[in-house]
Amino acid sequence: RSPLHLAIASDNTSVLDQLLSLPASSSSAVDLELRDGDGACPLWLALKASFDLGTVKERTPGFGRQVE
């Protein structure tokens, strides 16, 4: 699991906020579509855990865009 997966799974909003504030051009930027060993992306974990998606949506450019 990535740090983003772990922050969501542990409901750690302060770490989540720090991860999502990394510049997209940074080599440390988070990949919102990265899947864990079970095939779950961070958004799926957030939905399953009823995580406060407002934080993700506010801090993430392109959040909610349709993938073709």
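In this predicted model, Leu47 comes out as partly exposed, with a relative accessible area of 45%. That value puts Leu47 in the middle class because it falls between the 20% cut-off for buried and the 50% cut-off for exposed. Leu47 sits in helix 3 and doesn't face the outside alone: together with Leu43 and Trp44, Leu47 makes up a nonpolar patch on the surface. Taken together, these three residues have about 290 Å² of accessible area.

Turning to the inside, the largest nonpolar core is built from nine residues. Leucines in this core are Leu4, Leu16, Leu19, Leu20 and Leu45, and they are joined there by Ile8 and by the alanines Ala7, Ala40 and Ala46. Two or more of the core residues come from each of helix 1 (3-9), helix 2 (13-20) and helix 3 (42-48). In soluble globular proteins, nonpolar side chains do tend to get buried together.

As for charged pairs, the count comes to one salt bridge. Asp36 and Arg1 are the partners, and their closest N and O atoms lie 3.3 Å apart. This pair meets the rule because 3.3 Å is within the 4 Å cut-off. Along the chain the two partners are distant, at 35 residues apart: Asp36 belongs to the loop between helix 2 and helix 3, while Arg1 belongs to the segment before helix 1. Their surroundings contrast as well. Asp36 counts as buried because its relative accessibility of 9% is under 20%, whereas Arg1, at 54%, is exposed. Side chains of opposite charge can pair up when their charged atoms come close.

Definitions and conventions. Residues are numbered from 1 along each chain as its sequence is written. This is a predicted model: local features need pLDDT of at least 70, side-chain atom pairs count only at pLDDT 80 or more; totals for chains, interfaces and linings use all residues. Side-chain values use heavy atoms; hydrogens and water are left out. A nonpolar core is a set of buried Ala, Val, Leu, Ile, Met, Phe, Trp, Tyr and Cys residues joined through side-chain atoms within 4.5 Å. Buried means under 20% relative accessible area, exposed over 50%, partly exposed in between (1.4 Å probe, protein chains only). Helices (H or I, at least four residues) and strands (E, at least two) are DSSP runs, numbered from the N terminus. A salt bridge is a side-chain nitrogen of Lys or Arg within 4 Å of a carboxyl oxygen of Asp or Glu. Patches are made of residues with over 30% relative accessible area and no salt bridge: like charges are joined within 9 Å, nonpolar side chains (Val, Leu, Ile, Met, Phe, Trp, Tyr) within 5 Å. Accessible areas come from the Shrake-Rupley method with a 1.4 Å probe; for residues, only the protein chains shown count as cover.
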